[in-house]
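Let's take a friendly walk through this structure together. Keep the sequence and the 3D view at hand as you read.

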Amino acid sequence: MSDNERYVDGLYEADEALERVKTGIEAEGMPSISIAEGYGRLLTLLVRMSGASSVLEIGALGGYSGICLARGMDGKPGGGSLVSLELLQTYADVAARHLAEAGFGGVAKYIVGDAKQSLANLKEQGRRFDFFFIDADKEGYPVYLDYALELANPGAIIVGDNILLRGRTTDDAKQGPAVQAVRSFNERIARDPRLESTILPGYDGLAIARVRG
Ligand code: DHB
Ligand code: MG
């Protein structure tokens with residue numbers, strides 16, 4: 001983390017619910033790779049500012065981003081819904097527990113299994129969403145973007161985490177499948193005429209796009 005990132009994170013009071021998630025993730029032996037604090041706050045703001053009432057998250061891990069997303073819908077008339085796709089049942093269980101502990105037990109629904117299959121099923125069911133948060137296996141990002149575009153309501157927001165891959169994205173010597181997939185994802189975020197977007201290079205990078213319409 002840079003000094004600037006540490007400085008801005010330090011301005012905020014400790015967030016008990018999110019601290020509990022981080023502790024829980026460690027206790028469960030899960031990887032400590034939740035979204036950066038500042039981007040978690042940004043997720044809440046983006047959901048709130050866009051007025052989204054249906055959010056699709058791809059990659060739940062321990063529920064840190066899930067809480068941030070759910071917070072953005074808190075108090076909405078009619079409530080909001082978070083559908084979260086997670087490969088592992090154990091992770092989905094931990095995430096669901098953390099969401100419930102944070103007061104969002106009724107908001108989140110976890111779908112366990114391969115996200116591509118779950119996305120195909122959601123498409124088949126005609127489901128539509130106002131907000132997408134992509135934070136699963138990096139090789140899958142281009143396909144997840146394809147599905148987000150297909151499942152998007154007009155004006156939907158699409159956010160992708162870790163688009164810098166801790167320096168690998170910009171390292172020409174790195175040509176593995178995840179790096180190539182994320183480069184392709186980033187280029188499409190920047191240039192797809194269906195999107196207006198920006199890409200933030202702080203922390204591990206965050207892509208933010210809005211589907212025109
Ligand atoms: C890493 C971080 C993430 O947020 C993620 O989704 C995947 C991997 C990492 O730092 O390795
Ligand atoms: Mg991530």
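The report below looks at the metal site, the ligand, and then a handful of residues elsewhere in the chain.

## The magnesium site

Please bear in mind from the start that this is a predicted model. A good place to begin is the magnesium ion (ligand 2), whose coordinating residues are Asp-135 (OD), Asp-161 (OD) and Asn-162 (OD1). The coordination distances are 2.0 to 2.1 Å. If you trace these donors along the chain, their spacing reads D-x25-D-N.

Are Asp-161 and Asn-162 buried or exposed? Both are buried. For Asn-162, the relative accessible area is 16%, and the cut-off for calling a residue buried is under 20%.

## Around ligand 1

Where does ligand 1 sit? You will find ligand 1 in the largest pocket. The residues surrounding ligand 1 are Ile-33, Asp-135, Lys-138, Asp-161, Asn-162 and Arg-166. Some of these names will be familiar from the metal site, where Asp-135, Asp-161 and Asn-162 coordinate the magnesium ion (ligand 2).

Three side chains around ligand 1 are worth selecting in your viewer. Asn-162 places a polar side-chain atom 2.8 Å from an oxygen atom of ligand 1. For Lys-138, the distance from a polar side-chain atom to an oxygen atom of ligand 1 is 2.9 Å, and for Asp-161 it is 3.2 Å. On its own, ligand 1 has 290 Å² of accessible area, and the protein covers 75% of it.

## The loop between β5 and α8

Asn-162 deserves another look, this time for its backbone. Asn-162 belongs to the loop between β5 (152-161) and α8 (177-191). Its phi is near 65°, which is a positive value in a residue other than glycine.

Arg-166 is in the loop between β5 and α8 too. Here phi is positive as well, at about 45°, although Arg-166 is not a glycine. Is Arg-166 buried or exposed? With a relative accessible area of 78%, Arg-166 is exposed, whereas Asn-162 is buried. Both Arg-166 and Asn-162 are among the residues that surround ligand 1.

Strand β5 itself includes Pro-154. Pro-154 is exposed, and its relative accessible area is 65%. From Pro-154 to Ala-95, the C-alpha atoms are separated by 29 Å, with these positions 59 residues apart in chain numbering.

## An enclosed helix

Why is helix α7 (residues 141-151) described as largely enclosed by the rest of the structure? The reason is that eight of its eleven residues are buried. The buried residues of α7 are Tyr-141, Pro-142, Tyr-144, Leu-145, Tyr-147, Ala-148, Leu-149 and Leu-151. Colouring these residues in your viewer is a handy way to follow the helix.

## Two buried residues elsewhere

His-98 is part of helix α5 (residues 89-101). Its relative accessibility is 3%, so His-98 counts as buried. What does the side chain of His-98 reach? It comes to 2.7 Å from the backbone oxygen of Gly-62.

Ala-60 is located in the loop between β1 (54-58) and α4 (64-73). Ala-60 counts as buried too, at 2% relative accessibility. The C-alpha atoms of Ala-60 and Ala-102 are 15 Å apart in space, and these residues are 42 residues apart in sequence.

## Two exposed residues in the N-terminal part of the numbering

Tyr-7 sits in helix α1 (residues 3-10). Is Tyr-7 buried or exposed? Its relative accessible area of 54% makes Tyr-7 exposed, since the cut-off for that label is over 50%. Tyr-7 and Leu-82 are 75 residues apart along the chain, and 31 Å separates their C-alpha atoms.

Moving along, Glu-13 lies in the loop that joins α1 and α2 (16-27). Glu-13 counts as exposed, at 76% relative accessibility. Measuring from C-alpha to C-alpha in your viewer should give 26 Å for Glu-13 and Gly-80, which are 67 residues apart in sequence.

Notes:
Residues are numbered from 1 along each chain as its sequence is written. Chains are lettered from A and ligands numbered from 1 in the order in which they are written. This is a predicted model: local features need pLDDT of at least 70, side-chain atom pairs count only at pLDDT 80 or more; totals for chains, interfaces and linings use all residues. Side-chain values use heavy atoms; hydrogens and water are left out. Donors are N, O and S atoms within 2.8 Å of the metal (3.2 Å for Na, K and Ca); water is not among the atoms, so sites may look incomplete. Buried means under 20% relative accessible area, exposed over 50%, partly exposed in between (1.4 Å probe, protein chains only). Helices (H or I, at least four residues) and strands (E, at least two) are DSSP runs, numbered from the N terminus. A residue is near a molecule or strand if one of its heavy atoms lies within 4 Å of it. A polar contact is a pair of N or O atoms within 3.5 Å; within protein, one must be able to donate a hydrogen and the other to accept it, and residues adjacent in sequence count only if both atoms are side-chain atoms. Accessible areas come from the Shrake-Rupley method with a 1.4 Å probe; for residues, only the protein chains shown count as cover. On a 1 Å grid over the protein atoms alone, a cavity is a set of points where a 1.4 Å probe fits but cannot get out, and a pocket is an open set with protein on both sides within 12 Å along at least five of seven lines; lining residues have an atom within 4 Å of a point. A molecule sits in a cavity or pocket if more than half of its atoms lie within 2 Å of its grid points.
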